[in-house]
Amino acid sequence: MPATLFEKVWREHVVTPETRDTPAVLYIDLHLIHEVTTPQAFALLRSQGLSVRRPDLTLATMDHSTPTLPGASFKDVAIVGAAAVQQISQMRKNCADFGISLLDHDSDQRGIVHVIGPELGATQPGKTIVCGDSHTSTHGAFGALAFGIGTTEVAHVLATQCLLQRKPKTLAIEVAGRLGTGVTAKDLILAIIGQIGVNGGTGHVIEYRGEAIRALSMDARMTVCNMSIEAGARAGMIAPDDTTFDYLAGRPRAPRAETWDDAVARWRDLASDDAAQFDTTVSINASQLEPMVTFGTNPGMVVAINEPVPTADGSDASFRKALEYMRLAAGKPLTEASVDVVFVGSCTNSRLSDLQEAAAILDGRRIADGVRMLVVPGSQQIKAQAEAIGLDKIFRSAGAEWRESGCSMCLGMNGDTVPSGKLSVSTSNRNFEGRQGVGARTILASPLTAAASAIRGRVADPRPYLREH
Amino acid sequence: MQPMSQLRSRTVVLATRDIDTDQIIPARFLTATSRAGFGAQLFYDLRFNKDGSPNVEFALNQPGADGCEVLVAGNNFGCGSSREHAVWALLDYGIRAVISTGIADIFRNNGLKNGLLPIVVDAETHQWLLQHPGTEVAIDVARATLQFAGDRCVEFPIDQFARYCLLEGIDQLGFLRQRLPDIELYERHRTWTP
Ligand code: SF4
């Protein structure tokens, strides 16, 4: 039977198959945990006297409520509040009590959970990967089946290394052509969500396919898969290929020399068979895309950079509410909107190539007066790599802040927030009301667009800035 | 989890679509390490004004909303973050079922594991419910039916296993742990190890 990438990974992990009355028991190869969605799961284990079944398949770090102030230390957590201090202490205690090694604040391997999994080579093709975090879909870029779960399910995986799951449907997104200059993976995924809608993927696992996807680097593929959840999908996947294997070779948790060739052979077989059927197929052409920006309060409310904000049909109260919240007028281009904050970071766009793109635009320039710009690397390793090639100097001399790694301004719970009413151009993944802080107005964009907007002080098309250089 | 078989309640209506879990429970409240008490922060930035006073415009603050256990919401309710805190907050506040034309996957899953019933209905039923806030509805979990407008009745889809767990108040972890011998067997026989 011809099978899709998803089906191949799924069937290999079925411990007991699903029936009409019961879901499948699905084995989990890698469980990522962080401080925010685990305390209640460990509490459940304690209340039932259970242990963590496979601490060796559990990778723990702290990122969400962790401050990113330069040289941040435990005392800085106090800035976020007593509850965050307690949460971080609890994470340390939970990991210590249950025998899980924790990449703590002092670890040079620490970072955003979805950045360090791949970086350490723990994320691999064909694995099932879960985390109490919806952007677990990021890891699908390697051909893993990776999805977010709730805290009760975190407890299930801790206790049994398995989950109860019904098999999702499959959605193929075929991306033809090549992205143009100044148009990135972020623009592509925003365009896809704009096309299929924020619930276009509900109940489905997406496989991104086609020439444009094959041409993407691993960093860019992660950006695409990261935002699968913003289309409501359970997961997003890309078939592994040489780009994937080259990325993984030599990483600390990747297969070692003796087992590497076997692993690669197994990984090569994961790609969807030619005759495999998907439940749904959607097509998009990458060559016609422009840099994309959001104008509303969900990632599906998106336009090309030079297009005006669309006009709602009069009866659409949700649309009007979103524009009111954003204080943007229908029919006007976003490039007239003046920018207060620019954030380059998050598990969507905080990898080295993202920082290099932002730096290419900022190099030799200054950000506009009145703009605050934060550049937050996705991990401590990326921070070190960026500093080794002098990116920190470019950011600082442009007037931006250079931070320790963490989730930072992606969500308002670690001290980094956008003040109420202020407009932020952000490389993160959610422009929800209040996501970056109470009353914060968020425009999602690529690192190129974010950097260009910082310089211009208004939302900006990055392409002229690339040409001038 | 408390068993749940019948629920009869008036409804409270939030007609907006794509209500995400950041709106249900803003991230800054997620530093808590227990499940209790999130009801106080439910829909915080919508429910309260900047000075902390209740926003009288908001559905949950309107006369008649008190004591409603069923929330009728716009399409794609619970999208966004996987935070189970959103479900805990709704339950702690007193909401035990959410009705919409679409409910996000992870939220639905989280709901079913905690005894918050996600009910997906057709567009016509949804429209009627949106237009009649405060109406009395009756939910029968065993029959998977929603009765409204007096005698109108629709079936809603529900996973067999989730329904069984709801009716019996079964903890799914217990069920999963009974499969441990199968899990060990799986681990012994797999051709590669993660
Ligand atoms: S960077 Fe943002 S989206 Fe990614 S894990 Fe952190 S909070 Fe979640």
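**Exercise 1. The interface between chains A and B**

Task: In this predicted model, work out how many residues of chain B are in contact with chain A, and how much area the two chains bury between them.

Solution. Begin with the contacts: 54 residues of chain B are in contact with 69 residues of chain A. Next take the area, keeping in mind that the size of an interface is often given as the accessible area lost when the parts come together. Chain B and chain A bury about 5100 Å² between them, and 57% of this area lies on carbon and sulfur atoms.

Then turn to the charged and polar pairs. Seven salt bridges are counted between chain B and chain A, and Arg435(A) forms a salt bridge with Asp22(B), in which the closest N and O atoms are 3.0 Å apart. Across this interface there are also 25 residue pairs in polar contact, with both residues at pLDDT 80 or more.

Finally, look at the side of chain B that touches chain A, where the elements that give two or more residues include helix H3 (85-93), helix H4 (105-114) and helix H8 (180-189) of chain B. The residues of that side divide into 18 nonpolar, 16 polar and 20 charged.

**Exercise 2. The parallel sheet of chain A**

Task: Determine the order of the four strands in the open sheet of chain A, and explain why one side of E11 and of E12 is left without a neighbour in the sheet.

Solution. The order of the strands is E11-E10-E9-E12 in chain A, with parallel pairing. Strand E11 (235-237) and strand E12 (280-285) of chain A stand at the edges and have a single partner strand each, so one side of each is left without a neighbour in the sheet. On average, neighbouring strands of this sheet are turned by 20 degrees against each other, direction ignored.

Within the sheet, strand E9 (residues 169-176) and strand E10 (residues 204-209) of chain A run parallel and are joined by six bridges; Glu174(A), for instance, has Arg209(A) in E10(A) as its bridge partner.

The helices come last. Helix H1 (residues 5-12) of chain A packs on the sheet, where it touches E9, E10 and E11 of chain A, and its direction makes about 115 degrees with that of E11(A). Helix H7 (residues 185-196) of chain A lies across E9, E10 and E12 of chain A and runs at about 130 degrees to E12(A).

**Exercise 3. The mixed sheet of chain B**

Task: Find which strands of the open sheet of chain B are the edge strands, and then follow the hairpins formed by E5(B) with E6(B) and by E6(B) with E7(B).

Solution. Seven strands of chain B make up an open sheet in the order E4-E3-E2-E1-E5-E6-E7, and their pairing is mixed. The edge strands are E4 (117-120) and E7 (152-155) of chain B, each of which pairs on one side only.

For one hairpin, note that strand E5 (residues 136-140) and strand E6 (residues 145-148) of chain B run antiparallel and are joined by three bridges. In E6(B), Gln147(B) is the bridge partner of Ala138(B), and Leu146(B) is the bridge partner of Ile139(B). Four residues lie between these strands, and Ala144(B) in the turn has a positive phi of about 55 degrees.

For the other, E6(B) and E7(B) pair in the antiparallel sense over four bridges, with Cys153(B) in E7(B) as the bridge partner of Gln147(B). This hairpin has three residues between its strands, and Ala149(B) takes a positive phi near 50 degrees.

Technical notes: Residues are numbered from 1 along each chain as its sequence is written. Chains are lettered from A and ligands numbered from 1 in the order in which they are written. This is a predicted model: local features need pLDDT of at least 70, side-chain atom pairs count only at pLDDT 80 or more; totals for chains, interfaces and linings use all residues. Side-chain values use heavy atoms; hydrogens and water are left out. Two strands pair if DSSP finds at least two bridges between them. Axes are lines fitted to C-alpha atoms, for helices over the stretch in contact, and angles run from 0 to 180 degrees between N-to-C directions. Contact means heavy atoms within 4.5 Å. Buried area is the accessible area (1.4 Å probe) that two parts lose on being put together, summed over both. A salt bridge is a side-chain nitrogen of Lys or Arg within 4 Å of a carboxyl oxygen of Asp or Glu. A polar contact is a pair of N or O atoms within 3.5 Å; within protein, one must be able to donate a hydrogen and the other to accept it, and residues adjacent in sequence count only if both atoms are side-chain atoms. Ala, Val, Leu, Ile, Met, Phe, Trp, Tyr, Cys and Pro count as nonpolar, Asp, Glu, Lys and Arg as charged, and the others, Gly among them, as polar.
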